[in-house]
Amino acid sequence: MLVFVDESGDTGFKIDTGSSKYFVVSLVVFEDEDEGCACDNRISLLRRELGYSEFFEFHFQNNSKRIRTNFLQAVAPYNFFYFGIVLNKNPNRLYGEGFKVKESLYKYTCGLVFENAKPYLKEAIVIIDKSGSSLFRYQLANYLKKKINTKEIGVIKKVKMESSKSNNLLQLADYVAGVINRKVQRKQDAVFYHKFIATKEMYVQVWPK
């Protein structure tokens, strides 16, 4: 079982001066590793079909509508499902000193989405977009395993950090996070993008309400 984690938005709270209203973490699950490999290969092929080099990164926020549409159409036939957590950064609803620290906020948000996905995960190899210091990555891996694993069930087998620039399925997780973010903001084109992956959605939680 392969699990890919990425985010959309930022961890800042200066919403009036440019910080995002929401911070979204997506969790994309391939129960079958061969299916994940097939989807990975399809994304590589799409890159060539669109005339981009092997180093081109599919990134929802930066891509045009044409590229977004082609990407979502390409991955839609593959068997995966996803969870999402949407952190509402409204200061009237989200408060506490811990949320002002980027690393703490990120760990907490990841913990929430893994709690929701926990009943569906077993011996999962988790790949997270590499960010922050090596110490933070180590702390995050330990935090998730201690929080989610139990003595009876090994929900998470391993946590790996990789760069999204070189991992197609992290780019897929980025796209899922981007679509969720657009949908919660009720952007005009959100329904259009969401329709490609709507059947793969397990649960998207907005917290706090």
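**Exercise 1. Which residues of helix H1 meet which residues of helix H5, and at what angle do the helices pack?**

Step 1. Locate the elements. H1 covers residues 33-49, and H5 covers residues 168-184. Helices (H or I, at least four residues) and strands (E, at least two) are DSSP runs, numbered from the N terminus. The model is predicted, so local features need pLDDT of at least 70 and side-chain atom pairs count only at pLDDT 80 or more, while totals for chains, interfaces and linings use all residues. Residues are numbered from 1 along each chain as its sequence is written, and side-chain values use heavy atoms, with hydrogens and water left out.

Step 2. List the contacts, where contact means heavy atoms within 4.5 Å. On the H1 side they involve Gly36, Cys39, Asp40, Ile43, Ser44 and Arg47; on the H5 side, Asn168, Leu169, Gln171 and Leu172.

Step 3. Take the geometry. The axes of H1 and H5 are 9 Å apart and form an angle of about 85°. Axes are lines fitted to C-alpha atoms, for helices over the stretch in contact, and angles run from 0 to 180 degrees between N-to-C directions.

Step 4. Classify the angle. H1 is therefore roughly perpendicular to H5. The classes are roughly parallel under 35 degrees, roughly antiparallel over 145, roughly perpendicular from 65 to 115, and oblique for the rest.

**Exercise 2. Describe H5 from its cap to the residue after it.**

Step 1. Start at the N-terminal end. Asparagine 167 caps H5, with a side-chain oxygen 3.0 Å from the backbone nitrogen of leucine 169. This is a polar contact: a pair of N or O atoms within 3.5 Å; within protein, one must be able to donate a hydrogen and the other to accept it, and residues adjacent in sequence count only if both atoms are side-chain atoms.

Step 2. Check the length. The expected span of a helix is 1.5 Å times one less than its number of residues. For the 17 residues of H5 this gives 24 Å, and the end C-alpha atoms are 25 Å apart, which agrees.

Step 3. Assess burial. Buried means under 20% relative accessible area, exposed over 50%, and partly exposed in between (1.4 Å probe, protein chains only). In H5, 14 of the 17 residues are buried.

Step 4. Take one residue of the helix. Asparagine 181 lies in H5 and counts as buried because its relative accessibility is 7%. Its side chain makes a polar contact of 2.9 Å with the side chain of glutamine 185. Not counting residues up to four places away in sequence, asparagine 181 touches Ser8, Gly9, Tyr22 and Val24.

Step 5. Look past the end. H5 is followed by arginine 186, whose phi is positive, near 60°. Arginine 186 sits in the loop between H5 and helix H6 (190-194) and is exposed, at 76% relative accessible area.

**Exercise 3. What does glycine 111 touch?**

Step 1. Place the residue. Glycine 111 lies in helix H3, which covers residues 102-117.

Step 2. Check H3. Its 16 residues should span 22 Å, and its end C-alpha atoms are 23 Å apart, which agrees. Its buried residues include Leu105, Tyr106, Cys110, Gly111 and Phe114.

Step 3. Give the contacts. Glycine 111 has a relative accessible area of 0% and is buried. Beyond residues up to four places away in sequence, glycine 111 touches Tyr143, Leu144, Lys147 and Ile148. The C-alpha atoms of glycine 111 and lysine 145, 34 residues apart along the chain, are separated by 9.8 Å.

**Exercise 4. How many disulfides are there?**

Step 1. State the rule: a disulfide is a pair of cysteine sulfur atoms within 2.5 Å.

Step 2. Test one case. The closest cysteine sulfur to that of cysteine 37 is in cysteine 39, 10 Å away, so the pair is too far apart for a bond.

Step 3. Give the count: 0 disulfides. As for accessibility, cysteine 37 is partly exposed at 43%, whereas cysteine 110 is buried at 0%.

**Exercise 5. Where do glutamate 123 and the cis peptide bond lie?**

Step 1. Recall the background. Most residues other than glycine have a negative phi, and most peptide bonds are trans.

Step 2. Place glutamate 123. Its phi is near 50°, a positive value. Glutamate 123 is found in the loop between H3 and strand E4 (124-129) and is partly exposed, at 39%.

Step 3. Place the cis bond. The bond runs from tryptophan 207 to proline 208, with omega near -15°. Proline 208 lies in the segment after strand E6 (201-207).
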